[in-house]
Every structure is written in C-alpha cells, then in structure tokens.
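Me: I am new to this structure and should like to learn how to read its features. May we go through them one at a time?

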Amino acid sequence: MIHEDSANFFNNSNEFLHNVSVDNVIFGYHDKELKVLLQQPIPLNKWTVTGGYIKRTESIEEAANRIAFERTGLKDLFFLQFRSFGNPDRAKDKGLTADQLKEMTGIDIPPDSWIFDYFVSVAFYTLTEFSKVQPKKGELEAECKWWPVSDLPPMMFDHKLIISEALKALRLHIAHFPIGYELLPEKFTLPEIHSLYETILGKSLDDRNFSKRLMATGIIIKLNETKKIGAHRSPFLYKFAKEKYEEGLKSGVALAF
C-alpha cells in the first residue's frame, strides 16, 4: 500500500496542476558513455525519464530542480529547458491502466481520472557528475538507475523521443557553450574532455584542432599537476576557469567543431 499523501494525490488532489508536468532528462558521463537516469514505475516493464507533476506553489523551474534533487540527492545542478511535448495521445500507454494503478496503490482510480487526461510536458535536461549521484527511486517505482543513451530499455509514452530531443539540444549547446564543467570531475586531462565531446557529439574530433580551440577560449586552465595512467604516461591535468566558464554560459564561446 502507499502512503496517505500519495493516496490523496490520486484522489484528484488540488496540490498539483492537472494538465502540465515536468520531464527532466538527467545526463551523466561514465566510462566514455553518456548515460541517462531513468525510473521504472511499479509494476511495469517499461521506463520513463525522471519527471513529475508541478505543485501549485512552485514554478516550473523549481519543479525541475525538485525532481532532480529527489532522484540524485544533489542541489543546484545545471539544467535547461529545451522544448515542450503535447498531443492528445502522448499520455496513453497500454502498460498503464486504472486497474494496474489500483494494483499499485490499493485505491480505486476511475478510467477518466485527471491523470489520464491530455498532459503537456515541459522538458528540461540536467547535467551532473556521475560519481556524485546516488540514484533514489520514488514510492511508486521499482527502480531508478543509469542507462546508456545508446542502449535504452523499453520506454513509456513518448519518453524515447524526449531523450532523443534532449540529446539534440545538448549537442547544439555543447558546441557553443562550455557545458562539460558539469559532466567532468574537477580536474581532468585533455584526452578525457576530448572523449567527452566526441561521445556527446557522436563523431570523431581531431586531437590537435580540438585542444587548440579549447585552449584559445580560456575556459580551461592547465595545472602544474599530472595524472599517472601508465608506466610512461602522466598527462597534465586541467580545470575549468570559473569566471570564463560563467561568462561563456551567458555569451557563448567559439566551440563549434
């Protein structure tokens, strides 16, 4: 059975807006793979991006932040609204019916409940360092975990499309803004940031040209430290220049490859 507050929610609670929701595509980067944090509603064999309804007391951005915090345990993450999704059939799924919700919650939910109504989703993507996240599932979820963007499980509703569109937006933005700061550890090597950009953009980038362009922006600083990765390999470490990075987020930088 579910908690009383969840039961109130399904019983047409006025705490949330009834025709608009937030879907938050949370990206992380690990082992040269771009990954997305997904949640699996009970008792389904399909997955969704992290998302939820908007409280009447919060802004859309506050809802996106809340959802990210509830799933990652982290605050003040980088997030960006990239588009909205809406059509009369997007919230319909054979895997989610009133009978199945009764099985999940223990309460009767009419087939014409507001949760089956036409919903417009405001979509954000969020970026975070993979190693800092401890995924946390919600009360009505079987699991919450990372999946490779290149190998997604069966998805509910139009969430596969949402991820695809989020990746398009990320590729556009990373070519013009210094987004890598959120996905990399504080200190990194040039090969590591080079690999990150290749993974996100989905194409090979010339090593020398990439490094030259990146250094010319001034958004990364070479440190007097090295990373030992082999008997004869100790590349220098770099970090983002905070002021230049924040300036680049506002005005853009010449990073198109």
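**Reading backbone angles and overall build**

Reply: Let us begin with one loop of this predicted model. Lys-32 lies in the loop that links strand S1 (16–30) to strand S2 (33–41).

Me: What is the sign of phi at Lys-32, and about how many degrees is it?

Reply: Most residues other than glycine have a negative phi. Lys-32 is not a glycine, yet its phi is positive, at about 60 degrees.

Me: Is Lys-32 buried or exposed?

Reply: Exposed means over 50% relative accessible area. Lys-32 has a relative accessible area of 62%, and therefore counts as exposed.

Me: Which loop holds Phe-157, and what is its phi?

Reply: Phe-157 is found between strand S6 (141–148) and helix H4 (159–174). Its phi is positive, about 50 degrees, although Phe-157 is not a glycine.

Me: How is the accessibility of Phe-157 to be classed?

Reply: The class partly exposed lies between the cut-offs of 20% and 50%. Phe-157 has 30% relative accessibility, so it is counted as partly exposed.

Me: How many helices and strands does the protein have?

Reply: The protein has seven helices and nine strands. Its C-alpha trace spans about 65 × 40 × 30 Å along the principal axes.

Me: What percentage of the residues count as buried?

Reply: Buried means under 20% relative accessible area. Of the 257 residues in the protein, 48% count as buried. The exposed area of the protein is about 13600 Å², of which carbon and sulfur atoms supply 50%.

Me: What do the contacts show about separation in sequence?

Reply: Among contacts between residues at least 6 apart in sequence, 74% join residues at least 24 apart.

Methods:
Residues are numbered from 1 along each chain as its sequence is written. This is a predicted model: local features need pLDDT of at least 70, side-chain atom pairs count only at pLDDT 80 or more; totals for chains, interfaces and linings use all residues. Side-chain values use heavy atoms; hydrogens and water are left out. Helices (H or I, at least four residues) and strands (E, at least two) are DSSP runs, numbered from the N terminus. Buried means under 20% relative accessible area, exposed over 50%, partly exposed in between (1.4 Å probe, protein chains only). Contact means heavy atoms within 4.5 Å. Accessible areas come from the Shrake-Rupley method with a 1.4 Å probe; for residues, only the protein chains shown count as cover.
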